[in-house]
Amino acid sequence: MSRSFGLVGLPNAGKSTIFNALTLAGAKVEAYPFCTIEPHHGVAAVPDERLDRLHSLFPGKKKVPTAIEVVDIAGLVEGASEGQGLGNQFLAEIRGVEAILHVVRCFDDPDIAHPMGNVDVRRDVAVVEGELLAKDRETLERRRERSAKAARTGDRSAQEEVAFLDRLLAAVNEGRPIRALPLSAHDQPLLRELAPLTAKPVLYIANVGDEGENDLSRDLAAVARESGAGWIVVRGKLEAELGEACPDETERRAFLREYGLPESALVRLVAEAYRLLSVITFYTVEGPEVRAWTVPAGTKAPDAGAAIHSDFRDRFVLAEVMPLPDLLAAGSERALREAGKVHRAGRDYTVHDGDVIHFVSA
Ligand SMILES: Nc1nc2c(ncn2[C@@H]2O[C@H](COP(=O)(O)OP(=O)(O)O)[C@@H](O)[C@H]2O)c(=O)[nH]1
Ligand SMILES: [Mg+2]
């Protein structure tokens, strides 16, 4: 299962540009707002150096990386939660993604209109988050009305629910996103049901010009640090143009290095986003494929197996675990086996980032 991310931000912040940079999918990019009326969906295969190195031991097999799904979500403007611009269209799209990539314009260009006339990072971020908070307020208040009715009849769990909703509403009314609240495992089922937008993890993307970091992106870094969110700097236009002009990954890398960028935005974004979502990557070499998989950090071996095939959980016998550095040092799976360095792990084994696993099932 691939992880899904939604690009949000003000019109002309550079969402479609970054979408292109990430997916090379050729979504329409235009110098006026609302050119992405239809949300664009793209899938980007995640470049992965560890997978490349693993694959080098099995050159005859096919390399299958993990993928991320990116949705370019248009229509978030001031007042969108009350029907301005494209109104509420953006909502369902955001509900559907696991994490939000909040693109913030960090470039000056008099030829590109700004919906409020000028770039102001703090205000621009606050406008977008204000719309998400307004939607959450609506969701929470609607639910509260319902549970308050039940609470008045003496229903204990409804009373608890009202107290919980009041706590969330207090935060939202203060302009604090729900992701910033300390929430317990006990709160999770209701949270999942309500799916408030501001409960989703956020990665801020400072969209800068070719020259890289600037005062605006530094403002955004400060905003991100204050709210405990992740952030990265992306030269969206440069990378999108490069992606179009230069489909070859190795060549593209060489160009990026000339700009002092060791990796593409996609690689940096995935690293940050995976960290944000607390997911790890493990690898399998099965049949004709050398393949990468993502699972939540802390996943036990049988559940990791189930990511591959649902049967593997019940039929799990053991997992043969080969840490990638050991496997690379040994030079082949056979050499590793002969050296007795393949670890046989049971049901309780917690999968580590970078494990190469062979599942043995009944
Ligand atoms: N000068 C400059 N223009 C950019 C940059 N990033 C994007 N643009 C331009 O800004 C305009 C709006 O970008 P777009 O990605 O369509 O914004 P969206 O409305 O958020 O999807 C397009 O003309 C882009 O080429 C940048 O870093 N510098
Ligand atoms: Mg767009």
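What share of the protein's contacts with a separation of 6 or more comes from residues 24 or more positions apart? The figure is 68%. Keep that in mind as you click around this predicted model.

**Stop 1: the whole protein**

Show everything as a cartoon to begin with. You should find 14 helices and 12 strands. Turn on the C-alpha atoms and they fill a box of roughly 65 × 60 × 35 Å along the principal axes. A compact globule of 362 residues would have a radius of gyration near 21 Å, and the 23 Å of this protein agrees with that.

Now switch to a surface. About 17300 Å² is exposed, and 50% of that is supplied by carbon and sulfur atoms. Of the 362 residues, 50% are buried. Try colouring by charge, too: there are 44 positive and 56 negative side chains, with the centres of the two sets 5 Å apart.

**Stop 2: helix α1**

Select residues 15-23, which make up helix α1. Is this helix largely enclosed or exposed? It is largely enclosed by the rest of the structure, because nine of its nine residues are buried. Walking along α1, you pass K15, S16, T17, I18, F19, N20, A21, L22 and T23, and the buried label applies to each of these. Leave L22 highlighted, since it turns up again at the next stop as a contact of L269.

**Stop 3: L269 in helix α10**

Go to residues 265-276, helix α10, and pick out L269. With a relative accessible area of 1%, L269 is buried; the cut-off for that label is under 20%. Which residues does L269 touch, not counting those up to four places away in sequence? Show the side chains of L22, I68, L101, L203, I205 and I232, and you have them.

While L269 is selected, draw a distance to K237. The two are 32 residues apart in sequence, and their C-alpha atoms are 16 Å apart in space.

**Stop 4: T139 in helix α4**

Finally, jump to helix α4, residues 121-152, and zoom in on T139. T139 has a relative accessibility of 13%, so it counts as buried. Where does the T139 side chain reach? Look for the backbone oxygen of K135, 3.0 Å away. Then add R95 and L194 to your selection: T139 is in contact with both, leaving aside its neighbours within four places in sequence.

Definitions and conventions: Residues numbered from 1 in each chain as written. Chains lettered and ligands numbered in written order. Predicted model: local features only at pLDDT ≥ 70, side-chain atom pairs only at ≥ 80, totals over all residues. Heavy atoms only, no water. Helix = DSSP H or I, 4+ residues; strand = E, 2+ residues; numbered from the N terminus. Rg over C-alpha atoms; globule rule 2.2 N^0.38 Å. Buried < 20%, exposed > 50% of the residue type's maximum accessible area, 1.4 Å probe, protein only. Contact = heavy atoms within 4.5 Å. Areas by Shrake-Rupley, 256 points an atom, 1.4 Å probe, with all protein chains shown as cover. Lys, Arg positive; Asp, Glu negative; His and termini not counted. Charge placed at Lys NZ, Arg CZ, Asp CG, Glu CD. Polar contact = N/O pair within 3.5 Å; in protein donor to acceptor, adjacent residues only side chain to side chain.
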